[in-house]
Amino acid sequence: MKINFKKISLGVLATICLTQNVLSYDIVDRAKLIDDRFKTMEMLRPFGHNFYLDINGAVTTDAMDLKDDAEKIGKLEGTTDQQIDEANKILEKYYDKEQVLRARFGFGIPIFSFNAFDINFEPNLRVDAGLMAILTPQKETANFTTLVQQIGNIDGVPQGAVDKILNCVSGATPSDGDDLLVVCVPTYITTAERDQIKDAGIEKIPYIASIASTTKELPKIDVYAKVEAKAGLWFDYTKGEHFFGTFGLYGLGRIDVNKTANAALLLGDSAGLDVTENTLINAAVDYRFGYKNSNYSAFFSVEELKLAEMSSEDNGATPDFGTDPLIRLHGQADYKVSFFKMSPYAGIHKRSGYDLADGFYVGSDWGMHVWEDRVGLTFKTALDKEHITLGLKTKLWLMHLDLTGKFAVSDKVDDIKVSNYYGLNFRLFF
């Protein structure tokens, strides 16, 4: 019986795409899924045993513009109502749409290969560091009390200071636009409490008279940023003609920030908020086990599996991203006729925070390679639940350059518009 790999893959994907996600938007869960999808693209560009320099970057079209415009909001003039209206105008084109920025840098040094127990090992020392940020502007219906209460969720704001500020609003009857960090000192909050609030990144808390006793649609920006680094030793191995895999033992450091900048913070020139002290360094392992036969191969892998905690903050805070591993199942076929190659593939990945269906992907690389694969041109196509990926990779012996675009095929996820991503990968081999 013949099995049509392509029809099965597309059929499964079509079924998955019909499944609706009814959960509310969670920026950390979105970060996990987006990051793992980019890691899938990187996984499809294996390093090999050579020393490498690897640079990856991806961005949505308006990410940097949003950063600049958010900074402008803190410098608006006029009445508070006018500032809110102007802030809404500035952010209008960004509302309910994710803006993503991602960058990674890595290098590796090969160590001599050796054989043991009929297994060929090719070890590498590797270091990899990366940054990812997501900004999602939205509108919220709120009054001034709820805005100020959100300030109490910011790390570094003294316990009880928010309630004192709200008491100040009732007792001191500030005028529209007054800075409560001035009006409320020292009668309602102490100078020390004010300084602690400012140290948390809040320069001022402007009083908004128009929403003191009513509600209004106000701007807010959900912000998530993650920095992580890996350093350790990886062993690529093969046994006989059929079995292959990778084992990596390394240190994984991670720190992240998950904040919401509401109207009070944006108008108070407080978009630059302090990062939570939640640095965590773990000993972790990657393991991949694969089987290949003729033109076909498949593997199962576990990445970032925590072995032990090596270092953390004294307060016990951990990154919101968590420490759950990334699990993957991947299958691929490779065909070659003269200098033409085609490699269709399908797979699925899973990490806590998103559904199994979200991790399904299918695609194919096809192109031409000459001079024992030292020179080549490869076209990339892939499809997941949210994007179709198109790419072009050129390989010139000691380097390659890979340009990709991920174009949305889904309109929205949890009422947030799906963005297009544009990426670049530059790599040197020696």
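P186 lies in the loop between α7 and α8. In this predicted model, the peptide bond leading from V185 into P186 is cis. Its omega is near 0 degrees. Most peptide bonds are trans.

Three further backbone features concern phi. Most residues other than glycine have a negative phi. D96 is not a glycine, yet its phi is positive, at about 55 degrees. D96 sits in the loop that joins α4 to β2 (99–110). The relative accessibility of D96 is 29%, so D96 counts as partly exposed; the partly exposed class runs between 20% and 50%. F117 also has a positive phi, near 60 degrees, and is a residue other than glycine. The loop that holds F117 runs between β3 (114–116) and β4 (119–142). With a relative accessible area of 76%, F117 is exposed, since the cut-off for that class is over 50%. T173 takes a positive phi of about 45 degrees. T173 comes just after helix α6.

Helix α6 itself covers residues 161–172. The helix has 12 residues, which at 1.5 Å a residue should span 16 Å. The C-alpha atoms at its ends are 16 Å apart, in agreement with that expectation. Buried positions in α6 are A161, V162, I165, L166, C168 and V169. These residues cover an arc of only 150 degrees around the axis, and therefore lie on the same side of α6. The cover over the buried residues of α6 includes α5 (144–151), α7 (180–183) and α8 (191–199). Of these elements, α7 and α8 are the two that flank the loop with P186.

Helix α4 gives a second example of a helix with a buried side. α4 also has 12 residues. The distance from its first C-alpha to its last is 16 Å, close to the 16 Å expected at 1.5 Å a residue. T80, Q83, I84, A87, N88, I90 and L91 are buried in α4. Their arc around the axis is only 160 degrees, so they share the same side of α4. The buried residues of α4 pack against α3, β4, β5 (216–239) and α9 (263–267).

The packing of α4 with α3 can be described in detail. Helix α3 comprises residues 63–73, and helix α4 comprises residues 80–91. Their axes are 10 Å apart and meet at an angle of about 175 degrees. α3 and α4 are therefore roughly antiparallel to each other, because angles over 145 degrees fall in that class. On the α3 side, L66, D69 and I73 make the contact. On the α4 side, the contact is made by A87, I90 and L91. Five of the contact residues are nonpolar, one is charged and none is polar. A87, I90 and L91 are also among the buried residues of α4.

These local features belong to a protein of 430 residues. Its secondary structure comes to nine helices and 18 strands. The C-alpha atoms fill a box of roughly 80 × 40 × 40 Å along the principal axes. Of the 430 residues, 46% count as buried. Among contacts with a separation of 6 or more, 68% are between residues 24 or more positions apart.

Conventions: Residues are numbered from 1 along each chain as its sequence is written. This is a predicted model: local features need pLDDT of at least 70, side-chain atom pairs count only at pLDDT 80 or more; totals for chains, interfaces and linings use all residues. Side-chain values use heavy atoms; hydrogens and water are left out. Helices (H or I, at least four residues) and strands (E, at least two) are DSSP runs, numbered from the N terminus. The expected span of a helix is 1.5 Å times one less than its number of residues. Buried means under 20% relative accessible area, exposed over 50%, partly exposed in between (1.4 Å probe, protein chains only). The arc is that of the directions from the helix axis to the C-beta atoms. Contact means heavy atoms within 4.5 Å. Axes are lines fitted to C-alpha atoms, for helices over the stretch in contact, and angles run from 0 to 180 degrees between N-to-C directions. Angles under 35 degrees count as roughly parallel, over 145 as roughly antiparallel, 65 to 115 as roughly perpendicular and the rest as oblique. Ala, Val, Leu, Ile, Met, Phe, Trp, Tyr, Cys and Pro count as nonpolar, Asp, Glu, Lys and Arg as charged, and the others, Gly among them, as polar.
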